[in-house]
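Trainee: Please take me through this model by question and answer, beginning with a local detail and then working towards the interior.

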Amino acid sequence: MRIASLLAGASFLLLAAAATAQIRATQDPGHALRGTYAPAAFPGAYIDGRLVQMAPGVRIVMPNNATVPPAQVPPETPVRYELDVQGKVRMVWC
């Protein structure tokens, strides 16, 4: 009986740690840039009215942690975003 309760407690702690790690992975970093997003023909998008290129494999994360394609973000959405080394948008948080 004691071993079963120890195993249950340990599995709960592992699940809680995994859930926390997943939530933290999608939070925007403090150094992310701010802007207003509007979709354009892929691989482009407008950020603050300027046409920018999206990186291959770009991820767009909505407030509910759902990842969506670039065309599903409503126009004039305030976002935080990150650029890759080539200056293309690689990550967007709505």
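**Strands, pairing and core**

Trainee: In the hairpin of β5 and β6, which residue takes a positive phi?

Mentor: This is a predicted model, in which local features need pLDDT of at least 70 and side-chain atom pairs count only at pLDDT 80 or more, whereas totals for chains, interfaces and linings use all residues. Residues are numbered from 1 along each chain as its sequence is written, and side-chain values use heavy atoms, with hydrogens and water left out. The hairpin has five residues between its strands, and the residue with a positive phi, near 85 degrees, is Gly87.

Trainee: What pattern does the protein follow along the sequence?

Mentor: Helices (H or I, at least four residues) and strands (E, at least two) are DSSP runs, numbered from the N terminus. The protein has one helix and six strands, and read along the sequence they follow the pattern α-β-β-β-β-β-β.

Trainee: Which residue of β6 stands opposite Glu82?

Mentor: Two strands pair if DSSP finds at least two bridges between them. β5 and β6 run antiparallel and are joined by four bridges. On the β6 side, the residue opposite Glu82 is Met91.

Trainee: Do β3 and β6 pair in the parallel or the antiparallel sense?

Mentor: Ile60 stands opposite Val92 in β6. Over four bridges, the sense in which β3 and β6 pair is parallel.

Trainee: Which residue in β2 is the bridge partner of Tyr37?

Mentor: Strand β1 (residues 33-39) pairs with β5 in the antiparallel sense over five bridges, and Thr36 has Pro78 as its bridge partner in β5. β1 also pairs antiparallel with β2, over three bridges, and these two strands form a hairpin with four residues between them. Within β2, the bridge partner of Tyr37 is Ile47.

Trainee: How many residues of β6 are buried?

Mentor: Buried means under 20% relative accessible area, exposed over 50%, and partly exposed in between (1.4 Å probe, protein chains only). Of the 94 residues of the protein, 29% count as buried. β6 is mostly covered, and out of its five residues the number buried is four.

Trainee: Which strand supplies the largest share of the largest nonpolar core?

Mentor: A nonpolar core is a set of buried Ala, Val, Leu, Ile, Met, Phe, Trp, Tyr and Cys residues joined through side-chain atoms within 4.5 Å. The largest has 14 residues, and those with the most contacts inside it are Tyr37, Met54, Ile60 and Val89. At least two residues of this core come from each of β2 (44-47), β3 (50-61), β5 (77-83) and β6 (89-93). The largest share, four residues, comes from β3.
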